[in-house]
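Here is a walk through one protein structure, from its overall layout to a few individual residues. Keep the sequence and the 3D view at hand while reading.

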Amino acid sequence: MGRPAITLLNKRFDSLVVIAYIGRNKFGNSKWLCRCDCGKETTVIGNCLRRGTTNSCGCLKGGKVVHGK
């Protein structure tokens, strides 16, 4: 498995902050554990973070936080 070529550790992507490298999925994509500003932790594919296709744990709907800390 090895380590990812690009480290995202401690970087912020909108409402998510990367807190740990988890490994790779069955397609070889790097998976990262992220903490959302709402307090929830979620696993996100690195490509989704870098491209901006995932920007929260899912708590943002219409620009509002659905659940609090």
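The paragraphs below go from the whole chain to the sheet, the core, the cysteines and one loop.

The model shown is predicted. Its secondary structure comes to one helix and six strands. Read from the N terminus, these elements follow the order β-β-β-β-α-β-β. The protein has 69 residues, and 28% of them are buried. Its exposed surface is about 4,600 Å², of which carbon and sulfur atoms supply 50%. Among contacts with a separation of 6 or more, 28% join residues that are 24 or more positions apart.

The sheet comes next. Four strands make an open sheet, arranged β1-β2-β3-β4, with antiparallel pairing. The edges are taken by β1 (12–13) and β4 (41–45); each has a single partner strand, so one side of each has no neighbour in the sheet. Strand β3, residues 30–36, pairs with β4 in the antiparallel sense through five bridges. Within this part of the sheet, C34 stands opposite T42 of β4.

Strand β2 spans residues 16–24 and includes Y21. How far apart in space are Y21 and W32, eleven residues apart in sequence? From C-alpha to C-alpha, the distance between Y21 and W32 is 4.7 Å. Y21 has a relative accessible area of 25%, and a residue counts as buried only under 20%, so Y21 is classed as partly exposed.

The buried side chains can be followed from here. The largest nonpolar core has twelve residues: L8, F13, L16, V18, W32, C34, C36, C38, V44, L49, C57 and C59. Strands β2 and β3 each supply at least two residues of this core, and β3 gives the most, with three residues. One member of the core is F13. Leaving out residues up to four places away in sequence, F13 touches L8, V18, L49, R50 and N55.

Several of the core residues are cysteines, among them C36, C38, C57 and C59. How many disulfides does the structure hold? The number of disulfides is zero. A disulfide is a covalent bond between the sulfur atoms of two cysteines. For C38, the closest cysteine sulfur belongs to C57 and is 3.6 Å away, which is too far for a bond because a disulfide needs the two sulfur atoms within 2.5 Å. The sulfur of C59 has its closest cysteine sulfur in C36, at 3.7 Å, and this is also too far for a bond. C38 counts as buried, with 7% relative accessibility. C59 is buried as well, with a relative accessible area of 2%.

The last stop is a loop residue. S56 lies in the loop that runs between α1 (46–51) and β5 (60–61). Is S56 buried or exposed? Its relative accessibility is 9%, so S56 counts as buried. Apart from its neighbours within four places in sequence, S56 is in contact with S15, L16 and C36. Both L16 and C36 belong to the largest nonpolar core. A polar atom of the S56 side chain also lies 3.1 Å from the backbone nitrogen of G58.

Conventions. Residues are numbered from 1 along each chain as its sequence is written. This is a predicted model: local features need pLDDT of at least 70, side-chain atom pairs count only at pLDDT 80 or more; totals for chains, interfaces and linings use all residues. Side-chain values use heavy atoms; hydrogens and water are left out. Buried means under 20% relative accessible area, exposed over 50%, partly exposed in between (1.4 Å probe, protein chains only). Contact means heavy atoms within 4.5 Å. Accessible areas come from the Shrake-Rupley method with a 1.4 Å probe; for residues, only the protein chains shown count as cover. A polar contact is a pair of N or O atoms within 3.5 Å; within protein, one must be able to donate a hydrogen and the other to accept it, and residues adjacent in sequence count only if both atoms are side-chain atoms. Two strands pair if DSSP finds at least two bridges between them. A nonpolar core is a set of buried Ala, Val, Leu, Ile, Met, Phe, Trp, Tyr and Cys residues joined through side-chain atoms within 4.5 Å.
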